Protein chains: 2
Amino acid sequence: MTSPIQTVAGDTAASEIVGRFVQEGIGSLVVTHSESDDIEGIVTESDVIRQVAMGTDMDAVTASAVMSTPVVTIGADEPIATAADEMRTHSIRRLPVVADGNLVGIVTTTDLTHYLPRLRQTLLRERPSA
Amino acid sequence: MTSPIQTVAGDTAASEIVGRFVQEGIGSLVVTHSESDDIEGIVTESDVIRQVAMGTDMDAVTASAVMSTPVVTIGADEPIATAADEMRTHSIRRLPVVADGNLVGIVTTTDLTHYLPRLRQTLLRERPSA
């Protein structure tokens with residue numbers, strides 16, 4: 001996973017989110033409550049693209065208005081394969097990672113893809129050599 | 001991989017591409033020459049987001065103006081792990097698949113993520129049970 005996770009407040013303008021996507025080289029921002037830090041939603045590149053298709057003025061809408069909800073999360077101690085299954089089940093590419101009720105990172109299809117060759121090598125190496 | 005691959009001509013307006021992303025539930029379109037079918041570039045969600053950040057009028061720019069080049073491709077008979085390595089090396093999430101000089105599909109980080117649990121099971125099953 002990638003950590004720390006990047007978050008944003010619900011009243012942030014969509015245009016600011018787009019700017020952060022580009023400047024920080026990220027594809028999503030988790031929307032959290034400014035005081036409780038509770039997860040309220042997630043704004044992804046696809047959410048922004050959908051607004052662009054509708055001709056939305058990005059300065060005129062907030063994170064809360066364009067975010068996807070509810071957010072599917074995964075526990076920090078869950079296996080990689082479970083993360084992959086959750087992404088397929090929910091047709092999503094990003095899973096915020098939670099430990100002890102706190103947001104600790106995010107795992108994406110890109111993270112799992114980068115891990116794939118290593119997974120293969122690890123499993124092959126673990127085979128009994130006989 | 002996903003096939004057939006979705007393509008678009010270089011003179012297509014970016015706004016039309018955004019509309020296809022949403023309607024077809026895709027995150028990229030390969031730009032091909034209208035006569036030769038040669039690959040000219042690829043327009044991804046990230047390319048569009050970059051234009052949004054610059055305040056570009058999507059009706060006023062074409063696929064050729066916003067696409068990424070050169071396009072990294074992979075042979076249809078290459079192993080999954082090679083596709084994953086290529087994506088990591090080039091920091092990309094999509095690889096058009098080529099066979100006999102023709103574009104036959106596209107493999108994405110989402111495809112590889114969906115394959116990961118199966119890869120794990122296959123490798124574990126192949127282990128000698130002794």
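In the predicted model, B:Asp100 lies in the loop that links E5 and E6 of chain B. The two strands flanking this loop, E5(B) and E6(B), form a hairpin with two residues between them. Within the turn, B:Asp100 adopts a positive phi of about 50°. The relative accessible area of B:Asp100 is 79%, and the residue is therefore classed as exposed, the cut-off being over 50%. In sequence, B:Asp100 is separated from B:Ala76 by 24 residues, whereas the C-alpha atoms of the two residues are 9.0 Å apart in space.

The hairpin belongs to an open sheet of three strands in chain B, ordered E4-E5-E6, in which the pairing is mixed. The edges of this sheet are formed by strand E4 (74–75) and strand E6 (102–108) of chain B, each of which pairs on one side only. Strands of a sheet pair through backbone hydrogen bonds, in either a parallel or an antiparallel sense. Both senses are represented in the sheet of chain B, as the pairing is mixed. Between E4(B) and E5(B), two bridges are found and the sense is parallel. Strand E5 (residues 94–99) of chain B pairs with E6(B) over six bridges, in the antiparallel sense.

Individual residue pairs define the register of these strands. B:Gly75 is placed opposite B:Val98 of E5(B). B:Val98 in turn has B:Leu103 as its bridge partner in E6(B). Elsewhere along the antiparallel pair, B:Leu95 stands opposite B:Val107 of E6(B).

Chain A also contains an open sheet of three strands, in the order E4-E5-E6 and with mixed pairing. Its edge strands are strand E4 (74–75) and strand E6 (102–108) of chain A, and each pairs on one side only. Strand E5 (residues 94–99) of chain A runs antiparallel to E6(A), to which it is joined by six bridges. In this pair, A:Arg94 faces A:Thr108 of E6(A).

Taken as a whole, chain A comprises five helices and six strands. Read from the N terminus, these elements follow the order β-α-β-β-α-α-β-α-β-β-α. The C-alpha trace of chain A extends over about 65 × 30 × 25 Å along its principal axes. Of the 130 residues in chain A, 40% are buried. Among the contacts in chain A with a separation of 6 or more, 46% involve residues 24 or more positions apart.

The helical packing was examined for one pair in chain A. Two packed helices are described by the angle between their axes and by the distance between those axes. Helix H4 (residues 80–90) of chain A packs against helix H5 (residues 109–125) of chain A at an angle of about 135°, and the axes are 11 Å apart. This angle makes H4(A) oblique to H5(A), because it falls neither over 145 degrees, the limit for roughly antiparallel, nor within the 65 to 115 degrees counted as roughly perpendicular. The crossing of H4(A) past H5(A) is left-handed. On the side of H4(A), the contact is made by A:Ile80, A:Ala83, A:Ala84 and A:Met87. The residues contributed by H5(A) are A:Thr109, A:Leu112 and A:Tyr115. Classified by residue type, the contact of H4(A) with H5(A) has six nonpolar residues, one polar residue and no charged residues.

Definitions and conventions
Residues are numbered from 1 along each chain as its sequence is written. Chains are lettered from A and ligands numbered from 1 in the order in which they are written. This is a predicted model: local features need pLDDT of at least 70, side-chain atom pairs count only at pLDDT 80 or more; totals for chains, interfaces and linings use all residues. Side-chain values use heavy atoms; hydrogens and water are left out. Axes are lines fitted to C-alpha atoms, for helices over the stretch in contact, and angles run from 0 to 180 degrees between N-to-C directions. Helices (H or I, at least four residues) and strands (E, at least two) are DSSP runs, numbered from the N terminus. Angles under 35 degrees count as roughly parallel, over 145 as roughly antiparallel, 65 to 115 as roughly perpendicular and the rest as oblique. A crossing is left-handed if the near helix is turned anticlockwise from the far one by less than a right angle, and right-handed if clockwise. Contact means heavy atoms within 4.5 Å. Ala, Val, Leu, Ile, Met, Phe, Trp, Tyr, Cys and Pro count as nonpolar, Asp, Glu, Lys and Arg as charged, and the others, Gly among them, as polar. Two strands pair if DSSP finds at least two bridges between them. Buried means under 20% relative accessible area, exposed over 50%, partly exposed in between (1.4 Å probe, protein chains only).
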